[in-house]
Amino acid sequence: MSDSNSNSAPHQVEECRGVLFVFSDGSIRRLPKPSFNVPVHDDGSVLWKDVQFDPPHDLSLRLYKPAASPTSTNKLPIFFYIHGGGFCIGSRSWPNCQNYCFRLASELQAVIIAPDYRLAPENRLPAAIEDGCTAVKWLQAQAVAEVPDTWLTDVADFSKVFISGDSAGGNIAHNLAVKLGAGSPELAPVHVKGYVLLAPFFGGTVRSKSEAEGPKDAFLNLDLIDRFWRLSIPIGDTTDHPLVNPFGPRSRSLEEVKFDPILVVVGGSDLLKDRAEDYAKKLKAWGNKIEYVEFEGQQHGFFTIHPNSQPSNQLMRIINKFIAEISD
C-alpha cells in the first residue's frame, strides 16, 4: 500500500521572525528584509561602505566611520559589531543593525566593522564562529597590506580594537575571546583590547531559572530560543555543545584561559539573563577583568529595538567608559 502522504506538498515545520521558513522536505525560504519596517537614519554624519571579506563564502562586512575624520596622530579605535538573530537570521544590512552602527560610530567616535556570517540551518555551527575568525583576520590583512585601503587605514588605530556582539553575535565574540586569548598575539599588529557581550546567546540542557520562569510573551521567549538552537547546533548534538554552553560537560575549562577585559550587558527581563550573569561571575572569580551590567526591566535587544530610550543612552555611556578605561 502506498504512503498517502508521499505525494503531499511540503509543509512548513519551522518559522523564525517571519523571515525564515523551513519545510518538511528540507527546503528553506528566506525573505531578504526583516518583517519589521524601520527607516534607516542616514544623515551623512557617518560614512559607510561594504567590503567583501570572504570571497569563497560570498561574505561582506560594512565599515562605518565619522564623516569628520581625525588627524593622522589621533586615530580612531576599531569596534566590531556582530549582529544577532539566533545564528539563523539577521544581516549587516538590516535597518536596525545599520542604525545602531551609525550611532556607535558617532557616539564612540570609532570605526565600526559589522560583518555578516553564514546562517543556519543551511550552515550550522561552527560556521558562524569560523566566519567571525575570518573577519578579524581580514582586519589583520588590512593592517599589513602593501596597498592599503586608505578609507580605513588613514583613520583606524589597529592597536585599539574592541570586539562586540549582540545575542548570537555575543556568543561569537566570546568564542573569539577564547580562541585569541589575552593580547591576541596571533593578530599582530592588530591588538584586541577588550570585548563587549550584549546579551550573549548561550545555552545548555539544564534550564536556567530565567529561561524556565521568563514570560512566554517575551521578545525572545523560550519557544524561539529552542527553535534557534534546534536549527543551528550540529544535527544530533545538544545545547551542551562547547560553542553553545561555555561551562558544559564537554566544554574546555575556561579557568585556565586568560581573557582580555570583558563588558557583559543584559536586560533584567531577558530570558538569557541568568546565563550571562553566571558567565560574568565565573570569569571574574577566575581572575579576569569583567564588568557586568544589568538593565532592570529591559527585554532582549532593548538597545536596538528602542535605540533612543534612556536605558539605551545609558548603555552607550557605559560602552564609551569601558573603551576609555582600557584604551589608556
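Here, a residue is called buried when its relative accessible area is under 20%. By that cut-off S167, at 5% relative accessibility, counts as buried in this predicted model.

**View 1. S167 and D58 share an unusual backbone feature but sit in separate loops.** Most residues other than glycine have a negative phi, and most peptide bonds are trans. S167, in the loop between strand 8 (156–166) and helix 4, has a positive phi near 60° without being a glycine. D58 also has a positive phi, of about 55°, and is not a glycine either. Look for D58 in the loop between strand 4 (46–54) and strand 5 (59–66). D58 is exposed, with a relative accessibility of 58%, whereas S167 is buried.

**View 2. Two peptide bonds leading into prolines are cis.** From L125 to P126 the bond is cis, with omega near 15°; P126 belongs to the loop between strand 7 (111–115) and helix 2. From A188 to P189 the bond is cis as well, with omega near 10°. P189 lies in the loop between helix 4 and strand 9.

**View 3. E186 sits in the loop between helix 4 and strand 9 (192–198).** With a relative accessible area of 35%, E186 is partly exposed. Setting aside residues up to four places away in sequence, E186 touches K137, Q140, K179 and L180. For a sense of scale, take G86: E186 and G86 are 100 residues apart in sequence, and their C-alpha atoms are 28 Å apart in space.

**View 4. Helix 2 (residues 127–144) crosses helix 4.** Two packed helices are described by the angle between their axes and the distance between the axes. Here the axes come within 9 Å and cross at roughly 65°, and the crossing is right-handed. Helix 2 brings A128, I129, G132, C133 and V136 to the contact, while helix 4 brings N171, I172, N175, L176 and K179.

**View 5. L176 is among the residues with the most contacts inside the largest nonpolar core.** In soluble globular proteins, nonpolar side chains tend to be buried together. The largest core here has 75 residues, and F87, W138, L139, I163, Y195 and I262 join L176 among those with the most contacts inside it. Leaving aside neighbours within four places in sequence, L176 is in contact with I82, G132, C133, V136, I163, G181 and Y195. A second, separate core of 30 residues includes V46, F79, F102 and M316.

**View 6. Helix 6 (residues 222–232) has several buried residues.** They are L224, I225, R227, F228, W229, L231 and S232. These buried residues pack against strand 1 (12–16), strand 2 (20–23) and helix 4 (168–180). At the N-terminal end of helix 6, N221 acts as a cap: one of its side-chain oxygens lies 3.3 Å from the backbone nitrogen of D223.

**View 7. C16 and C88 are in no disulfide.** How many disulfides does the model contain? The count is zero. For C16, the nearest cysteine sulfur is that of C88, 5.1 Å away; for C88, the nearest is that of C16. A disulfide needs the two sulfur atoms within 2.5 Å, so a pair set 5.1 Å apart does not qualify. Both cysteines are buried: C16 has 0% relative accessibility, and C88 has 0% too.

Definitions and conventions
Residues numbered from 1 in each chain as written. Predicted model: local features only at pLDDT ≥ 70, side-chain atom pairs only at ≥ 80, totals over all residues. Heavy atoms only, no water. Core = buried A, V, L, I, M, F, W, Y, C linked by side-chain atoms within 4.5 Å. Buried < 20%, exposed > 50% of the residue type's maximum accessible area, 1.4 Å probe, protein only. Contact = heavy atoms within 4.5 Å. Helix = DSSP H or I, 4+ residues; strand = E, 2+ residues; numbered from the N terminus. Polar contact = N/O pair within 3.5 Å; in protein donor to acceptor, adjacent residues only side chain to side chain. Axes fitted to C-alpha atoms, helices over the stretch in contact; angles between N-to-C directions. Left-handed = near helix turned anticlockwise from the far one by under 90°.
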